[in-house]
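Visitor: I should like to go through this model systematically, beginning with its sheet and ending with its charged pairs. Could you guide me?

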Amino acid sequence: QQKKASSSGIGTFAWIALFLSLVVGLLVVAHHNATIVFDPVVLKEIATNAIANHSNDIDALVAAVIAQLRAKYPEHILAEPEWMFNNAGGAMGSMIVLHCSLSEYVIIFGSAVGTEGHSGRFFADDYFTILSGEQWAFQAGSLHREVYTPGDQHLMPWGVAKQYRMPDACWALEYARGSIPSMMPFGFFDTFFSTLDFPTLFQTVRVSAVGMFSQLLKGKI
């Protein structure tokens, strides 16, 4: 009986979180354009430059991307970004959160061993610029896969969903623009219904909250 009550409580919390995220997210969609900071064209240029100089060294490549982002956007990159696992849509990888506000996020995401899952369907545009490895994707109804290699920027417009796969080690600079709070339940639900990796959930919430609050103090939603 206690176990049933606990499960019911978790389920209630999840639905409340989903509802609040959607409400806040829809408000952000209506008002976020005035405070957009990042430019996907610039992000692609940063990735391409890092690839040209460090294509055979993923550690140096990632470090170069972060350094260039910090130089270009000094007020909007977290001072001490953290790596953490990410489970969403059946896929597992790790990410380092470089920027998180109510209307934008910038992360480096990927896996050293490959992964596969559902992309999610969001109130946001998602720009996925490959740094190393390959990403495959397709939409329902297509009989052919899309293949993205280093330097390619895979745009997922808001409302679009795909199956994607990283067949082996793959890392990407990911930028989302739109309703970031409405994306969060997709990133949280695997914890409650699959992995039960609550330390990672708490780390994700903490880093996201710090990022959003720090940007709000600077007048950015």
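Guide: Certainly; please bear in mind that the model is predicted.

Visitor: In what order do the strands of the open sheet of 6 strands lie?

Guide: The pairing in this open sheet is antiparallel. From one strand to the next, the twist averages 30°. The 6 strands have the order β1-β2-β3-β10-β5-β8.

Visitor: Which strands stand at the edges of that sheet?

Guide: An edge strand has a single partner, so one of its sides is left without a neighbour in the sheet. For β8, the order of the sheet places β5 next to it, and 4 bridges join these two antiparallel strands. Within that pair, Y127 stands opposite L155 of β8. The strands at the edges are β1 and β8.

Visitor: What angle does α5 make with β2?

Guide: Helix α4 (residues 184–195) packs on the sheet, touching β1 and β2, and its direction makes about 80° with that of β1. Helix α5 likewise lies across β1 and β2. Its direction relative to β2 is about 20°.

Visitor: Which residues of α3 are buried?

Guide: Buried here means under 20% relative accessible area. The buried residues of α3 are covered by elements including α2 (40–54), β1, β2, β3, β5 and β10. The residues concerned are L61, V62, A64, V65, I66 and L69.

Visitor: How far apart are the end C-alpha atoms of α3, and which residue caps its N-terminal end?

Guide: At 1.5 Å a residue, the 15 residues of α3 should span 21 Å, and this agrees with the separation of the end C-alpha atoms, 21 Å. At the N-terminal end, a side-chain oxygen of the capping residue lies 3.2 Å from the backbone nitrogen of D59. The cap is D57.

Visitor: Which side chains of β9 are buried?

Guide: Strand β9 pairs antiparallel with β4 (residues 115–118) over 4 bridges, and with β6 (residues 135–138) over 3 bridges. T115 has M166 as its bridge partner, while W136 stands opposite R165. Side chains alternate along β9, with Q163 and R165 pointing to one face and not buried. Those that point to the other face and are buried belong to Y164 and M166.

Visitor: Which residue does K162 meet in a salt bridge, and is K162 buried or partly exposed?

Guide: The partner of K162 is E146, with the closest N and O atoms 2.7 Å apart. E146 lies in strand β7 and K162 in the loop between β8 and β9, so the bridge ties together parts 16 residues apart in sequence. E146 is partly exposed at 23% relative accessibility. At 8%, K162 counts as buried.

Visitor: Which residue forms a salt bridge with R206?

Guide: R206 is partly exposed, with a relative accessible area of 42%, and its partner is also partly exposed, at 25%. The N to O distance in this salt bridge is 2.9 Å. The partner of R206 is E82.

Visitor: How many residues separate K218 from E75?

Guide: K218 and E75 form a salt bridge, their closest N and O atoms being 3.8 Å apart. The pair links distant parts of the chain, with K218 in the segment after α5 and E75 in the loop between α3 and β1. K218 counts as partly exposed at 47% relative accessibility, and E75 as partly exposed at 47%. Along the chain, the two are 143 residues apart.

Visitor: How many salt bridges does the structure hold?

Guide: Those discussed include K218 with E75, R206 with E82 and E146 with K162. The structure holds a total of 4.

Methods. Residues numbered from 1 in each chain as written. Predicted model: local features only at pLDDT ≥ 70, side-chain atom pairs only at ≥ 80, totals over all residues. Heavy atoms only, no water. Salt bridge = Lys/Arg side-chain N within 4 Å of Asp/Glu carboxyl O. Buried < 20%, exposed > 50% of the residue type's maximum accessible area, 1.4 Å probe, protein only. Pairing = 2+ DSSP bridges. Expected span 1.5 Å × (residues − 1). Contact = heavy atoms within 4.5 Å. Polar contact = N/O pair within 3.5 Å; in protein donor to acceptor, adjacent residues only side chain to side chain. Axes fitted to C-alpha atoms, helices over the stretch in contact; angles between N-to-C directions.
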